[in-house]
Amino acid sequence: MSSLAKKITAILIELFPEPVVLHEPIFEGNEWDYVKQCLDTGWVSSAGKFVDRFERQLEEFTNSRYVIAVVNGTTALHICLQLAEVQQNDEVLIPTLTFVATANTVKYCGAIPHFVDSDEKSLGIDPKKLEDYLKEIAEIRSDICINKKTGRPIRAMVVVHTFGHPVDLDPLVELCNRYKLKLIEDAAESLGSYYKEGHTGNRGVLSALSFNGNKVITTGGGGAILTQDKNLAEQARHLTTTAKVPHKWDFMHDCVAYNYRLPNINAALGCAQLEQLPDFLTNKRLLAEKYNQVFCGVEGVVYFNEPSYARSNYWINVLLFNREYVDDLEAVLKQTNDQGIMTRPAWNLMHTLPMFSECPRMNLSMAESLRKRVINLPSSPTLFRELNQKSSRADDGEKNS
Ligand SMILES: Cc1ncc(COP(=O)(O)O)c(C=O)c1O
């Protein structure tokens, strides 16, 4: 093993002498009480007080006008794309460096993902590179953006706040305006992250959150659609509840729709988790500071800090290897995982997956480089507090010995 790989592994082993996972759910609040209330009353399914309460609390926390709770982040994205009028054979710009759900949901609509490159400063879409690319390949015809190479409409852009770090939204909003693209924020990872003054998820026409078990807060499985538009919110609510027309006893559905509404029992977990979110976010920032401190001055890697315009939730911490040291990353992954310290590489890039290999793309050199240089570090919501408790117990032990 090279000296850099040895050094990084040693730092992580010193920090985590015991096995540690990448991101685990923490239930330390009213979860049992709220879930018990669902069981006691029988309100376990898609109606009940916790679903509405969870939505209103999310509206307040994210400062979004309308929140619609759904069964997961993937279904939230699916509805966002459908309501953005993404249709069969449209193209949708998405980063190649993302979780597979971003690309899958474009396909659910019969559309084609068009892969774009990432920026080393945000890990999200590179606005400048995309601007140059669109100048070359896109033109507006009858108010629709057309890919001159394929002849297909480019209908929308999905931006991702990668690992919780906000992408640089202002220039991307401007590009969407200029090219008549609907902007969707895949904010699955960024609850508690702010772009400038605003919570992520409020600049897109529609945005998606995820509450999967590995997210900052969890509802078991769950997600939400955010929008500022009343009409879109009403449509989202209708589409996610089988398009049932309200009636005391009759079953009338006015279009093909989905059974995507978040069950009350999951929302009960969500309400309890939201109460702990400020504490989780504080812990996550302290853990980020700790990582920053232990990796500061280690030549060959940089700890990835939030972009200057953002306040990040630091969902999953990122260590970025310099180009000359990419070979060391594999060794660190192997050594740390052998020691029970769960580290992970970045996702395989979407354009390299078999089902997306024929999709259109721009030059993806930065995403390709990032894929080889990113390593994800343990990031659970209360990990910093646990580390601190262990080190103060160790100090007490030393004092008493
Ligand atoms: C960027 C991104 N998009 C979408 C999703 C899908 O969310 P879910 O797993 O809740 O379906 C996730 C998370 O899993 C994600 O990380």
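**Entry 1: strands β2 and β3**

I began with one pairing: Glu-91 has Ile-112 in β3 as its bridge partner. I note at the outset that this is a predicted model. Then I looked at the two strands as a whole. β2, residues 91-95, pairs with β3 in the parallel sense, and I found five bridges between them.

Next I asked myself: how many of the five residues of strand β3 are buried? Five of the five are, for residues 112-116, so β3 is largely enclosed by the rest of the structure. I checked the faces too. Ile-112, His-114 and Val-116 are buried on one side, and Pro-113 and Phe-115 are buried on the other. Both faces of β3 are covered, then. I jotted down the background for that split: in a regular strand, side chains alternate between the two faces of the sheet.

**Entry 2: the ligand**

I moved on to the ligand and looked up its surroundings. There are 15 residues around the ligand. Which are the closest? They are Gly-73, Thr-74, Glu-189, Ser-210 and Lys-215.

I then went through atom distances to the ligand's oxygen atoms. For Gly-73, a backbone N or O atom lies 2.7 Å from an oxygen atom of the ligand. For Thr-74, the atom is a polar one in the side chain, and it lies 2.5 Å from a ligand oxygen. Lys-215 also uses a polar side-chain atom, 2.9 Å from an oxygen atom of the ligand. I looked at the ligand's own surface after that: taken alone it exposes 380 Å², and the protein buries 93% of that. As for where the shell comes from, α4 (73-83) and α5 (100-108) are the elements that give two or more residues to it.

I sorted the shell by residue character as well. Eight of its residues are polar, four are nonpolar and three are charged.

**Entry 3: cysteines**

I searched for disulfides and found zero in the structure. Why does Cys-109 have no bond to Cys-80? The closest cysteine sulfur to that of Cys-109 is the one in Cys-80, and it is 10.0 Å away, which is too far for a bond. The cut-off I had in mind is 2.5 Å between the sulfur atoms.

I also checked whether two cysteines are buried or exposed. Cys-109 has a relative accessible area of 12% and is buried. Cys-296 has 60% and is exposed.

**Entry 4: two open sheets**

I traced a sheet of three strands next. This sheet is open, its order is β9-β8-β13, and the pairing is antiparallel. At the edges I found β9 (198-199) and β13 (310-311), each of which pairs on one side only. Strand β8, residues 194-195, runs antiparallel to β9 and is joined to β9 by two bridges. Within that pair, Tyr-195 stands opposite Gly-198 in β9.

Then I traced a sheet of four strands. It is open too, with the order β12-β14-β16-β15 and antiparallel pairing. Which strands stand at the edges? They are β12 (301-303) and β15 (344-345); each has a single partner strand, so one side of each is left without a neighbour in the sheet. I looked further in at β14 (residues 317-321) and β16 (residues 374-377), which run antiparallel and are joined by four bridges. Leu-319 has Ile-375 in β16 as its bridge partner.

**Entry 5: three single residues**

I picked His-165 and found it in the loop between β6 (154-160) and α7 (169-178). Is His-165 buried or exposed? His-165 counts as buried, at 1% relative accessibility. Its side chain makes a polar contact with the side chain of Ser-312, at 3.0 Å.

Ile-146 came next, in strand β5 (residues 144-147). Ile-146 is buried, with a relative accessible area of 9%. I took a long-range distance from there: Glu-31 is 115 residues away along the chain, and the C-alpha atoms of the two are separated by 49 Å.

I finished with Val-67, in strand β1 (residues 66-70). Its relative accessible area is 0%, so I wrote Val-67 down as buried. Val-67 and His-23 are 44 residues apart in sequence, and from C-alpha to C-alpha they are 25 Å apart in space.

Key: Residues numbered from 1 in each chain as written. Predicted model: local features only at pLDDT ≥ 70, side-chain atom pairs only at ≥ 80, totals over all residues. Heavy atoms only, no water. Buried < 20%, exposed > 50% of the residue type's maximum accessible area, 1.4 Å probe, protein only. Near = heavy atom within 4 Å. Polar contact = N/O pair within 3.5 Å; in protein donor to acceptor, adjacent residues only side chain to side chain. Areas by Shrake-Rupley, 256 points an atom, 1.4 Å probe, with all protein chains shown as cover. Nonpolar A, V, L, I, M, F, W, Y, C, P; charged D, E, K, R; others polar. Pairing = 2+ DSSP bridges.
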